[in-house]
Amino acid sequence: MALRAISRAAQEAGFVIATEAPSSLAPFTRLVIVAEVVNQDDILAARSWKDEFPSAYLVGFLEMPKQSLWLAAERAGFDLVCSRGSVGPALRKVLGDDTLTSTDRAIAVCNSADIAGRLGHLMDLELESLGAISLWRVEGRVLCTGRCPHQRVSLASGEIDGSVVTCPAHGSRFDLISGERMRGPSDFDLACYGTYEENGRVWVLPKR
Ligand code: FES
């Protein structure tokens, strides 16, 4: 059912449907990945797709719109999350709008050389579009997060254990990769943004 809606929307917009990941983006001027989000594995897959195809636009759809899964999918880097029933119209809008590719909206935040060889917290930045953000290198990946959602404190001097950071102000703990709140007093997860490195620069993909 969803595949029919996806095929129809893609055909109307002149896209080619591939049911397996392409080996490279070379033949594509634009790649949209559409995936059903059923569980945590699908959420984790979003990040690997972002790593592999940084310019791709990720659409995730849910059979049952469960709020926690929906929010987790958005946090994990899906550019658009929708219900199964609305995937056709949503996709039609995305495919017909040339301004909606992730790459178009990516923001260059620093030169790769600026952070080469560094681990843990890399820098705090203030962006007009995103506000206060922080860059990290954790488990070999460059990550971007917002400030502590409890009282907007920078996590820069927080202790890092694996991928978990402890807020230096009141001790909230967050997973820097998923943004998941591991301990309060914060009631909220940490905002996370997709990142990639290309042409010697670090790019951040704002959430929609
Ligand atoms: S500001 Fe981070 S826990 Fe309070």
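The side chain of serine 172 reaches the backbone nitrogen of serine 186 at 2.8 Å. Keep in mind, as you look at this pair, that the model is predicted. Serine 172 sits in the loop that links strand E9 (164-166) to strand E10 (173-175). Is serine 172 buried or exposed? Its relative accessibility is 1%, and because buried means under 20%, serine 172 counts as buried. Leaving out residues up to four places away in sequence, serine 172 touches Cys148, Val165, Thr166, Cys167, Arg183, Gly184, Pro185 and Ser186.

**The chain as a whole**

Stepping back, the protein chain has six helices and 13 strands. Of its 208 residues, 47% are buried. The accessible surface comes to about 10700 Å², and carbon and sulfur atoms account for 50% of that. If you take the contacts between residues at least 6 apart in sequence, 48% of them join residues at least 24 apart.

**Strands E6, E7, E12 and E13**

Strand E7 (residues 141-145) is a handy place to start, with pairings to E6 and to E12. Four of the five residues of E7 are buried, so the rest of the structure largely encloses this strand. Strand E12 (residues 192-198) can be described in a similar way: five of its seven residues are buried, so E12 too is largely enclosed by the rest of the structure. Here are the pairings for you to trace on the model.

| Strand pair | Sense | Bridges |
|---|---|---|
| E6 (residues 131-138) and E7 | antiparallel | five |
| E7 and E12 (residues 192-198) | antiparallel | two |
| E12 and E13 (residues 201-205) | antiparallel | five |

Individual residues help to place these pairs. Threonine 145 in E7 stands opposite serine 134, and in E12 the bridge partner of threonine 145 is cysteine 192. Further along, threonine 195 stands opposite valine 204 in E13.

Two hairpins are worth a look for their backbone angles. E6 and E7 form one with two residues between the strands, where glutamate 139 takes a positive phi near 50 degrees. E12 and E13 form another, also with two residues between them, and asparagine 199 in that turn has a positive phi of about 50 degrees.

**Helix H2 and the nonpolar cores**

How far apart are the end C-alpha atoms of helix H2 (residues 40-52)? They are 19 Å apart; at 1.5 Å a residue, the 13 residues should span 18 Å, so the two values agree. At the start of H2, a side-chain oxygen of asparagine 39 comes to within 3.0 Å of the backbone nitrogen of aspartate 41. The buried residues in H2 are Ile43, Ala45, Ala46, Arg47 and Lys50.

Ile43 also appears in the largest nonpolar core, which has 16 residues; Ile33, Val37, Ile43, Ala73 and Phe78 have the most contacts inside it. Strand E1 (32-36), H2, strand E2 (57-62) and helix H3 (67-76) each give two or more residues to this core. H3 supplies the largest share, four residues. As for phenylalanine 78, its contacts, apart from neighbours within four places in sequence, are Ala35, Val37, Asp42, Ala46, Trp49, Leu58, Val59, Gly60 and Ala73.

A second, separate core has 15 residues, among them Leu122, Val142, Tyr193 and Val204. Val204 brings us back to the strands, as valine 204 of E13 is the residue opposite threonine 195.

Conventions:
Residues numbered from 1 in each chain as written. Predicted model: local features only at pLDDT ≥ 70, side-chain atom pairs only at ≥ 80, totals over all residues. Heavy atoms only, no water. Buried < 20%, exposed > 50% of the residue type's maximum accessible area, 1.4 Å probe, protein only. Polar contact = N/O pair within 3.5 Å; in protein donor to acceptor, adjacent residues only side chain to side chain. Contact = heavy atoms within 4.5 Å. Areas by Shrake-Rupley, 256 points an atom, 1.4 Å probe, with all protein chains shown as cover. Pairing = 2+ DSSP bridges. Expected span 1.5 Å × (residues − 1). Core = buried A, V, L, I, M, F, W, Y, C linked by side-chain atoms within 4.5 Å.
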